[in-house]
Amino acid sequence: MMIAIGAGIAVLGALGGGIGIGIATGKAAEAVARQPEAESKIRNMLILGCALAEATAIYGFVIALMIMFMVK
């Protein structure tokens, strides 16, 4: 029972990643609307930021799997 609760808490890192990617995408769309000539720079920064935010979600998922299968 406690293992499942710990794994659920560890997966909450995915929530932060999802929120971060959503905010970053919205801000990137606003930036491109204001300065269309800077689209390539904005896109590159957005992809890098999304990769870093997604990495935190994946780390939380991996930790949850480790808790579920290695802690007994």
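**Exercises on a three-helix chain**

Helix H3 has 32 residues, and the distance from its first C-alpha to its last is 45 Å, close to the 46 Å expected at 1.5 Å a residue. The model is predicted.

**Exercise 1. Describe the fold and the overall dimensions of the protein chain.**

Step 1. The secondary structure consists of three helices and zero strands. In sequence order the pattern is α-α-α.

Step 2. The C-alpha trace spans about 55 × 15 × 5 Å along its principal axes.

Step 3. The radius of gyration of the protein chain is 17 Å, while a compact globule of 72 residues would have one near 11 Å.

Step 4. Of the contacts with a separation of 6 or more, 73% join residues 24 or more positions apart.

**Exercise 2. Determine which residues of H3 are buried, and what they pack against.**

Step 1. The cut-off for a buried residue is under 20% relative accessible area.

Step 2. In H3 the buried residues are Ile42, Cys50, Ala53, Ala57, Gly60 and Ala64.

Step 3. These buried residues pack against H1 and helix H2 (13-34).

Step 4. For the protein chain as a whole, buried residues make up 15% of the 72 residues.

**Exercise 3. Locate the nonpolar patch on the surface and assign it to helices.**

Step 1. The patch is formed by Ile3, Val11, Ile58, Tyr59, Phe61, Val62, Leu65, Met66, Met68, Phe69, Met70 and Val71. Together these residues have about 1100 Å² of accessible area.

Step 2. Helix H1 (2-11) and helix H3 (39-70) each supply at least two residues of the patch. H3 gives the largest share, nine residues.

Step 3. For comparison, the accessible surface of the protein chain comes to about 5400 Å², and 75% of this belongs to carbon and sulfur atoms.

**Exercise 4. Classify Ile3 and Gly13 as buried, partly exposed or exposed.**

Step 1. Buried means under 20% relative accessible area and exposed means over 50%, with partly exposed in between.

Step 2. Ile3 lies in helix H1. Its relative accessible area is 31%, so Ile3 is partly exposed.

Step 3. Gly13 is placed in helix H2. Gly13 has a relative accessible area of 30% and is therefore partly exposed.

**Exercise 5. Compare the separation of Gly13 and Ala64 in sequence with their separation in space.**

Step 1. In sequence, Gly13 and Ala64 are 51 residues apart.

Step 2. In space, the C-alpha atoms of Gly13 and Ala64 are 10.0 Å apart.

Step 3. Ala64 is one of the buried residues of H3, whereas Gly13 is partly exposed.

Definitions and conventions: Residues are numbered from 1 along each chain as its sequence is written. This is a predicted model: local features need pLDDT of at least 70, side-chain atom pairs count only at pLDDT 80 or more; totals for chains, interfaces and linings use all residues. Side-chain values use heavy atoms; hydrogens and water are left out. Patches are made of residues with over 30% relative accessible area and no salt bridge: like charges are joined within 9 Å, nonpolar side chains (Val, Leu, Ile, Met, Phe, Trp, Tyr) within 5 Å. Accessible areas come from the Shrake-Rupley method with a 1.4 Å probe; for residues, only the protein chains shown count as cover. A salt bridge is a side-chain nitrogen of Lys or Arg within 4 Å of a carboxyl oxygen of Asp or Glu. Helices (H or I, at least four residues) and strands (E, at least two) are DSSP runs, numbered from the N terminus. Buried means under 20% relative accessible area, exposed over 50%, partly exposed in between (1.4 Å probe, protein chains only). The expected span of a helix is 1.5 Å times one less than its number of residues. Contact means heavy atoms within 4.5 Å. The radius of gyration is taken over C-alpha atoms; the globule rule is 2.2 Å times the number of residues to the power 0.38.
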